[in-house]
Amino acid sequence: MPIEAESLKYCCKCSKDVTHIGRMKDSDGRYWCIDCGAKDEEKKRVHAGAVCKGCGESFSKPQLTWIGGLPYCDPCVKKKFAVKKSFFGKIWAGLTGE
Ligand SMILES: [Zn+2]
Ligand SMILES: [Zn+2]
C-alpha cells in the first residue's frame, strides 16, 4: 500500500534500506545511508572551492592555486607573479645599475 511504501527509506546512492538505521537527508529530500553520506561529504570537501585571497571571488578547487597556504585564482596568480617579476626586476636593475 502507498502508506507502507512511503514509510520505507532507501539510500539514494546504494539503495540500502535505511528505514531503521542511521541515515541522512539532503536538501532534495533524498536519503543517504551513513556510509554514502560520509563519502559524499568527503567528496564535497575535496571539491569545495575557496575564496581567492587576491580578489575575494569564490572559485572551485581546480581553478585555484595555493600559494603559501592561501588560495588564489588564475588571474590573481598571474598578477601576483607579474608584480613580483617587476619588483625583482627593479631590484635587479638597481643592483646592476641598468
Ligand atoms: Zn548508501
Ligand atoms: Zn582572484
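Leaving aside neighbours within four places in sequence, which residues is Thr 19 in contact with? Select Thr 19 and look for Ser 7, Leu 8 and Lys 9, which are its contacts on that basis. The model on screen is a predicted one, and the tour returns to Thr 19 after a look at the whole chain.

**Whole chain**

Show the protein chain as a cartoon. There are 3 helices and 6 strands, and their order from the N terminus is α-β-β-α-β-β-β-β-α. Of the 98 residues, 12% count as buried. Now consider contacts between residues at least 6 apart in sequence: 5% of these join residues at least 24 apart.

Colour by pLDDT next. The chain average is 84, and 79% of the residues score at least 70. Which element has the lowest mean pLDDT, and which the highest? Helix 1 is at the bottom with a mean of 58, while strand 2 (residues 31-33) is at the top with 96.

**Stop 1: the loop between helix 1 and strand 1**

Helix 1 covers 2-7 and strand 1 covers 23-25; Leu 8 sits in the loop between these two elements. Thr 19 belongs to this loop, and Ser 15 is found there too.

Select Leu 8. Is this residue buried or exposed? Leu 8 is exposed, because 11 other C-beta atoms lie within 10 Å and a residue with 12 or fewer falls in that class. Beyond its neighbours within four places in sequence, Leu 8 makes contact with Asp 17 and Thr 19. Put a distance label between the C-alpha atoms of Leu 8 and Val 18: these residues are 10 apart along the chain, and the separation is 7.7 Å.

Move on to Thr 19. This residue also counts as exposed, with 11 C-beta neighbours inside 10 Å. Its contact with Leu 8 is seen here from the other end, along with those to Ser 7 and Lys 9. For a second distance label, use the C-alpha atoms of Thr 19 and Tyr 31, which are 12 residues apart along the chain and 9.4 Å apart in space.

Finish this stop at Ser 15. What is the phi of this residue? Ser 15 has a positive phi of about 60 degrees, although it is not a glycine. Ser 15 is exposed, with 10 other C-beta atoms within 10 Å.

**Stop 2: the hairpin of strands 5 and 6**

Select residues 64-67, which form strand 5, and residues 70-73, which form strand 6. The two strands run antiparallel and are joined by 4 bridges. To follow the pairing, pick Thr 65, which stands opposite Tyr 72 in strand 6. Then pick Ile 67, whose bridge partner in strand 6 is Leu 70.

How many residues lie between the strands of this hairpin? There are 2. Select Gly 68 and check its backbone: this glycine takes a positive phi near 60 degrees.

**Stop 3: helix 3**

Helix 3 comprises residues 74-96, and Pro 75 is part of it. Select Pro 75 first. It is exposed, with 12 other C-beta atoms within 10 Å. Label the C-alpha distance from Pro 75 to Cys 55; the two are 20 residues apart along the chain and separated by 9.1 Å.

Val 77 is in helix 3 as well. Why does Val 77 count as partly exposed? Val 77 has 17 other C-beta atoms within 10 Å, and the partly exposed class lies between 12 or fewer for exposed and 20 or more for buried. The C-alpha atoms of Val 77 and Gly 54 are 8.2 Å apart, with their positions 23 residues apart in sequence counted as the separation.

Keep Val 77 selected and show its contacts. Not counting residues up to four places away in sequence, Val 77 touches Thr 65 and Tyr 72. These are the two residues that stand opposite each other in the hairpin, so the last selection leads back to the previous stop.

Notes
Residues are numbered from 1 along each chain as its sequence is written. Chains are lettered from A and ligands numbered from 1 in the order in which they are written. This is a predicted model: local features need pLDDT of at least 70, side-chain atom pairs count only at pLDDT 80 or more; totals for chains, interfaces and linings use all residues. Two residues are in contact if their C-beta atoms, placed from the backbone, lie within 7 Å. Two strands pair if DSSP finds at least two bridges between them. pLDDT is the predictor's confidence in each residue, from 0 to 100.
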